[in-house]
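Please examine the structure shown below, with attention to the empty spaces within and around the protein.

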Amino acid sequence: MERNFPEALAHTLAFEGGWANNPNDPGGATMKGITHRTYAHYLGRDVSHDELRAIPDEHLAEIYRKRYWDACRCGDLPDGLDLAVFDTAVNAGPAQAARLLERIVGVPADGAIGPKTIAAVNEYVSAQGLHALIEAYTEARHNFYRLLPTYVHFGEGWRKRVTHAGELATRLVDKDKTA
């Protein structure tokens with residue numbers, strides 16, 4: 001749900017860290033998870049590494065909201081699932097985040113969350129429960145990362161990130177029940 005964006009962003013930023021320019025990372029230079037290419041696209045011009053390092057928080061939040069949260073229609077997803085899909089979109093791309101979800105809920109995996117995917121999510125949740133969907137999505141994320149050639153470099157961090165996202169997503173599901 002839309003109300004979970006701040007919590008989802010905080011989770012993601014905790015794992016994205018600060019400045020990185022790891023030669024093993026196909027994303028290249030990043031600051032707080034925003035790649036050089038993404039920031040240049042956002043500004044509509046080339047940017048220096050120094051500009052990327054100094055990315056203002058308002059740019060950061062706007063990029064994360066539009067490019068990942070909105071692109072995956074996270075505001076239309078159930079509590080908890082929204083966070084897991086958002087975090088996947090940031091780390092693996094919105095299309096991959098969508099494909100993982102689409103495969104689980106049984107719709108064609110076209111890489112775009114649309115009305116059919118949202119309807120299939122709602123049907124899945126009605127039949128099997130939101131916890132089951134989050135568990136399946138978390139498992140699908142783990143399996144996806146294990147197959148990447150860069151798992152040898154980043155696998156431990158991805159494992160922790162995915163596990164934490166799944167746990168936090170489950171807490172978001174249960175949050176309203178305890179409030």
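The report that follows describes a cavity and a pocket.

This is a predicted model, in which local features need pLDDT of at least 70, side-chain atom pairs count only at pLDDT 80 or more, and totals for chains, interfaces and linings use all residues. Residues are numbered from 1 along each chain as its sequence is written, and side-chain values use heavy atoms, with hydrogens and water left out.

On a 1 Å grid over the protein atoms alone, a cavity is a set of points where a 1.4 Å probe fits but cannot get out, a pocket is an open set with protein on both sides within 12 Å along at least five of seven lines, and lining residues have an atom within 4 Å of a point. Points are joined across faces, edges and corners, and a volume is the space filled by probe spheres set on them.

One cavity of 30 Å³ or more is present. Its lining consists of His142, Tyr145, Arg146, Tyr151, Gly155, Trp158 and Arg159. Helices H8 (130–146) and H9 (151–178) each supply at least two of these residues; helices (H or I, at least four residues) are DSSP runs, numbered from the N terminus.

The residues closest to the centre of the largest pocket include Asp25, Gly27 and Val90.

| Space | Volume | Most from H9 |
|---|---|---|
| Largest cavity | about 30 Å³ | four residues |
| Largest pocket | about 850 Å³ | seven residues |

H9 thus gives the most to the lining of the largest cavity and to that of the largest pocket.

Technical notes. Helix = DSSP H or I, 4+ residues; strand = E, 2+ residues; numbered from the N terminus.
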